[in-house]
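Here is a guided tour for anyone new to reading structures. Have a look at the picture first, and then we will go through it together.

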Number of protein chains: 2
Amino acid sequence: MDIEDAPAPLRRLPSWLVSQAALVAQRTVNNRLGPIGGQRREFSLLTALDESGPDSQAALSRRCGVDRSDMVALVNDLARGGLVERRPDETDRRRNVVSLTAAGRNRLQALREVIAAAQDELLAPLSPSERDRLVALLTTVLEHHPPAMPA
Amino acid sequence: MDIEDAPAPLRRLPSWLVSQAALVAQRTVNNRLGPIGGQRREFSLLTALDESGPDSQAALSRRCGVDRSDMVALVNDLARGGLVERRPDETDRRRNVVSLTAAGRNRLQALREVIAAAQDELLAPLSPSERDRLVALLTTVLEHHPPAMPA
DNA sequence: TACCAACGTTGGCGCTACCAACATATATGT
DNA sequence: ACATATATGTTGGTAGCGCCAACGTTGGTA
């Protein structure tokens, strides 16, 4: 489906456009992540850990916008690959502390480059100022809307 | 997750922003569709039929950006609800012709109103010209990227 | 006629977003 | 202090959506 084939009323619906654009974005990123066996959520988690250091799974869930239950599987995957370490928190024995390993840091760097390239591909038809504008508009929309997961 | 809780590197990634915005958009639409038992694909199909009249499932698949196999189930659902009619095409016996019923037309009108309200909610923080700008930017991005389903 | 292309259909896979429930551990209020 | 509420990790399940492979039927083409 090219966009010009889609029904005209849909082509003007912001919610439809943004959903279609998200599909394109995800395909673009995944096409580049596939060859190195990466996933989008992996990048989110590694990024969060790199930015703020070790943290509990629940805190990471909130910051990454991922459900607690999904974070379990995500940490399992990355821990199996040695990119991340999970150990019980001695001061609060409900928690696990998840931390980045050296391998995880290397992995993150590789993902960063791949994902940066995907951004360029995605925004190819836009000028630099248009790209800024798009980012600003989307940010405004997101800032206005409540968090996804109050649970 | 509020956007300001998300890792900073993510907050600047266009692919991440557009995916998050799509989530918000889908939640907004679904929250309003839920009470009347509607789905997003239903709206796409009814819209396509209303715009261009009866058509084959394959053609509708292409225009709605839905896989042929998924269109089968979609038409099943809507036909069961009497919103759509499926009959064999006498002139090309490979095809089914799907057409809108009177009930389908009424349903479409109801969906239109609900979805229009969702757009307003989604874009609440944007001025009219900003909304236009966002639509234009997303359209440009979509026009530049190849169709999703060559199959 | 032989071949290829399109169609509808079935069945399946994988990702993502969710929710419910539970046991355990901590925090809070009285 | 004790009862109650809340947070955490975990399991398991649901649902929508996008996508692919294969098959039998039908139509168009070489």
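What follows looks at the two protein chains, their contact, and the DNA strands beside them.

## Two copies and how they are related

Before we start, keep in mind that this is a predicted model. A good way to begin is with a general idea: two copies of a chain are related by a rotation about an axis and a shift along it. Here, chain B is superposed on chain A by a rotation of 179° with 0.0 Å of shift along the axis, and the RMSD is 0.2 Å. That is the relation of a two-fold axis. Both copies use the same surface, since 100% of the contact residues of chain B recur in chain A.

## Where the chains meet

How many residues does each chain bring to the contact? Chain A gives 57 residues and chain B gives 57 residues. On the side of chain B that touches chain A, the elements with two or more residues are α1 (8-11), α2, α3, α4, α6 (102-122) and α7 (128-144) of chain B. The most comes from α2(B), with 14 residues. Sorted by class, this side of chain B holds 34 nonpolar, 13 polar and 10 charged residues.

## A helix pair across the two chains

Two packed helices are described by the angle between their axes and the distance between the axes. Let us try that on a pair with one helix from each chain. The axes of α2(A) and α2(B) come within 8 Å and cross at roughly 140°. That makes α2(A) oblique to α2(B), and their crossing is left-handed.

Which residues make this contact? From α2(A), they include Ser15(A), Val18(A), Ala22(A) and Val29(A), and α2(B) supplies residues including Ser15(B), Val18(B), Ala22(B) and Val29(B). By class, the contact of α2(A) with α2(B) has 10 nonpolar and eight polar residues, and no charged residues.

## A helix pair within chain A

Now for a pair inside one chain. The axes of α4(A) and α5(A) come within 9 Å and cross at roughly 105°, so α4(A) is roughly perpendicular to α5(A). On the α4(A) side, the contact is made by Gln57(A), Ala58(A), Leu60(A) and Ser61(A), while α5(A) brings Arg68(A), Met71(A), Val72(A) and Val75(A). By class, there are five nonpolar, two polar and one charged residues in this contact.

## Around the DNA strands

Begin with DNA strand D, which is surrounded by 24 residues. The closest are Gln57(A), Ala58(A), Ser69(A), Ser69(B) and Arg93(B). Two or more residues of this surface come from each of α2 (14-33), α4 (57-64) and α5 (68-80) of chain A, and from α3 (40-52) and α5 (68-80) of chain B. Which element gives the most to the surface near DNA strand D? The answer is α5(A), with three residues. By class, the surface near DNA strand D has seven nonpolar, six polar and 11 charged residues.

Next comes DNA strand C, with 24 residues around it, the closest being Ser69(A), Arg93(A), Gln57(B), Ala58(B) and Ser69(B). At least two residues of the surface near DNA strand C are supplied by each of α3 (40-52) and α5 of chain A and α2 (14-33), α4 (57-64) and α5 of chain B. The largest share, three residues, comes from α5(B). By class, the surface near DNA strand C has seven nonpolar, six polar and 11 charged residues.

How values were computed: Residues numbered from 1 in each chain as written. Chains lettered and ligands numbered in written order. Predicted model: local features only at pLDDT ≥ 70, side-chain atom pairs only at ≥ 80, totals over all residues. Near = placed C-beta within 6 Å. Helix = DSSP H or I, 4+ residues; strand = E, 2+ residues; numbered from the N terminus. Nonpolar A, V, L, I, M, F, W, Y, C, P; charged D, E, K, R; others polar. Least-squares fit on C-alpha atoms with pLDDT ≥ 70 in both. Contact = placed C-beta atoms within 7 Å. Axes fitted to C-alpha atoms, helices over the stretch in contact; angles between N-to-C directions. Parallel < 35°, antiparallel > 145°, perpendicular 65-115°, else oblique. Left-handed = near helix turned anticlockwise from the far one by under 90°.
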